[in-house]
Amino acid sequence: MGFLSVFGIVLQYIESKQYFKIIKDNFVKYVIRELKKKYICKEPMFGFEFELHKISVDEQNKKIYIDLTAQNDIINSVKQKHGEFHLSHEYGGWMYEVIPNEPFLIKDLHLIENNIQNLYKYLTIKYGNKKFLSLGSFPMLGVGKYYINEDEKDEDEDKELIGDKNEQKAREQFLEDIKNNKLSCSNYLNDKIINRHPRFGNLTRNIRQRRGSKVDIQIPIFKDKNTDLTTITNLDPNPGYITMDAMGFGMGCCSLQVTIASDSLDDCIKIYDQLIPLAPLFLLLTSSSPIHRGKLSDYDNRWIIISKSVDDRTEEERNPQSDEYIYKSRYSPVYSYIGNVNKYFNNYPKFPINQDYYKQFIEAGISENLATHFCNLLVRDPLVIFDKKINITDDNDMTHFENINSSNWNSLRFKLPRPADGDHSYKIEIRTCDLQLTPFENTSIIHFIVNLYNIILKQNCNFILPITKVDQNYENAYCNDAINKQKFWWRINCFDNININDDNFDYKKDEKDNIKLLTINEILNGANQYNYPGLISIIKKEINENPNYNENMRQNLLKFANYMEKRAKGEIWTDAKYIRRFINDHPKYNKDSIITEEINYDLINHLLDIQNGIIKPKELFG
């Protein structure tokens, strides 16, 4: 969730506008300076991040709440070490962010299974097996009494973050605004659920202030036999849609994120581009979030909800007819390829970039597409500015770079080295995966991503599609049971020796002959009609031929590839599909798309049994 250090008072959006140029100027100078250094990493590495819900199970009243004491567990030790892991803050006061202490070498992929199992064991021992939930969304967020804070801290403890009297006064006003719901002004969510760290609440306020209104999240409801599509109420103003109006509905969802560090800048750029068409596939394969605000939606994952929840574009910027139009929310699929890819594939007709800074990048010798990427980030305003961290003189201080880079929540994030921390790697963060229920499922997804990284580096493959077709793939990936019901644009000659950077290349013919609509089963497991082998067969070939693996390692790695093969076929279900089936079969479900407290209680207890390995449904594990 970005930098969590505190440097004085967070400025409100209107106050902060006068400093935007200072921050953006510093960002540009920092990026140009760091790109010119061309760091070399000794060996490629990867890491991952889990976001988890802390919950409270009330067995007597058959209710389940989010538990806001999570922020108290770690609020004074943002990066405290717990065995193999760091636990730190996330947006919600009930959420944990967990990462391994150290990254893994790519060649040590086989080690992460035990590491992830140990994470879940640690949390179970520390908090209990019914105190944390490994799932994309908490189903009842914003419905009735949905949170609990039995261990509420004294406000004086909060004020320990504050230094001088001005900061103390600002903190007191901030706490008062939380009590009066002035950060989000939501009709559904109480601001008390936001983590008390000043970054999160002020980010919520500033997004709303910049937009000029509350965020507007409308997602289609799942139309069951008895779903009411006519009644209009204050809380449900749009029949047929689930209405949400606060950042917490999106940032309160949990994801699995994977970060890969490359040998060099050139390798990182290549991998970033090749992962762009793969990112929506990671989303649909990990779908685990079909319920929002106590209703079954017609979407299976969190992505579009979180995109809309932080959409700070003004009315003009959301208007396609306006000269100020920006295509997407600041949380979105990426806008462009950044390497040596022909303009045909970066095919937005009005690409939003900061032209003044673009000229600076080009004059400094930065390539056109990479300059375009950074200048697209600079279209957005910095949203969290601390008054004591504006004028920076230290060339190694990344604060303003992180301010902008970490609040552009794209499907992939291009990350510069952090030499002050001994980090000399250019990195890519893959951000589209919903969190999975179990260690095994999460491990399978990480294996899938890292194996694709190996293939991109070692083989002459090319997954590049026109960026607008990648966006169409996202639209289909949101949908209910997309694995079985949707098709996706895919390059069937991706493993041939193709050159898509040649100006003499016939792109229209290439798109007609080689870019086809395939099912996810065909993309992963092969399409015989096109003589296309599928990603899984290539992954298995890579595992079998990798000299770093002995036979035991090889068999262990193949079991995860086999799992993804079966999930793509639909033989093994996504968590979202399994949840839908549980709801449909529940004796108290009225086929009206409504999740009651009792249904939610039974659902979460059932999912906890799966999470804790007490039951292993064949639909999820074969």
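The paragraphs below lead through a predicted model, starting at a pocket and moving on to a helix, a pair of helices and some single residues.

A good place to begin is the second largest pocket, which has a volume of about 540 Å³. Of the 28 residues that line this pocket, those closest to its centre are Asp266, Ile269, Lys270, Gly339 and Asn340. Two elements, helix H2 (20–37) and helix H9 (265–275), each give two or more residues to the lining, and the largest share, six residues, comes from H9. Sorted by class, the lining holds 12 nonpolar, 11 polar and five charged residues.

Helix H9 deserves a look of its own, since the pocket has already led us there. This helix is mostly covered, with eight of its 11 residues buried, namely Leu265, Cys268, Ile269, Ile271, Tyr272, Asp273, Gln274 and Leu275. Ile269 therefore appears twice in this account, as one of the residues closest to the centre of the pocket and as a buried residue of H9, where buried means under 20% relative accessible area. The partners against which the buried residues of H9 pack are H2, helix H10 (279–285), H13, strand S16 (412–415), strand S17 (427–434) and helix H15 (439–458).

In the loop between strand S11 (255–261) and H9 lies Ser262, which is buried, with a relative accessible area of 1%. Apart from neighbours within four places in sequence, Ser262 is in contact with Cys41, Asp267, Cys268, Ile271, Ser425, Tyr426 and Tyr453; of these, Cys268 and Ile271 are among the buried residues of H9.

H13, one of the partners of H9, also meets another helix. The axes of helix H12 (residues 355–363) and helix H13 (residues 368–377) come within 9 Å and cross at roughly 145 degrees, and the crossing is right-handed. H12 brings Tyr357, Tyr358, Phe361 and Ile362 to this contact, while H13 brings Glu368, Ala371, Thr372, Phe374 and Cys375. By class, these are seven nonpolar residues, one polar and one charged.

Two further loop residues are worth finding for their backbone angles. Asn181, in the loop between helix H6 (165–179) and helix H7 (198–211), has a positive phi of about 60 degrees although it is not a glycine, and at 15% relative accessibility Asn181 counts as buried. Asp481, in the loop between helix H16 (467–477) and helix H17 (482–485), is likewise not a glycine and has a positive phi of about 55 degrees, and Asp481 is buried, with a relative accessible area of 13%.

Notes
Residues numbered from 1 in each chain as written. Predicted model: local features only at pLDDT ≥ 70, side-chain atom pairs only at ≥ 80, totals over all residues. Heavy atoms only, no water. Axes fitted to C-alpha atoms, helices over the stretch in contact; angles between N-to-C directions. Helix = DSSP H or I, 4+ residues; strand = E, 2+ residues; numbered from the N terminus. Left-handed = near helix turned anticlockwise from the far one by under 90°. Contact = heavy atoms within 4.5 Å. Nonpolar A, V, L, I, M, F, W, Y, C, P; charged D, E, K, R; others polar. 1 Å grid on protein atoms, 1.4 Å probe; cavity = no way out; pocket = protein on both sides within 12 Å on 5 of 7 lines; lining within 4 Å. Points joined across faces, edges and corners; volume = space filled by probe spheres on them. Buried < 20%, exposed > 50% of the residue type's maximum accessible area, 1.4 Å probe, protein only.
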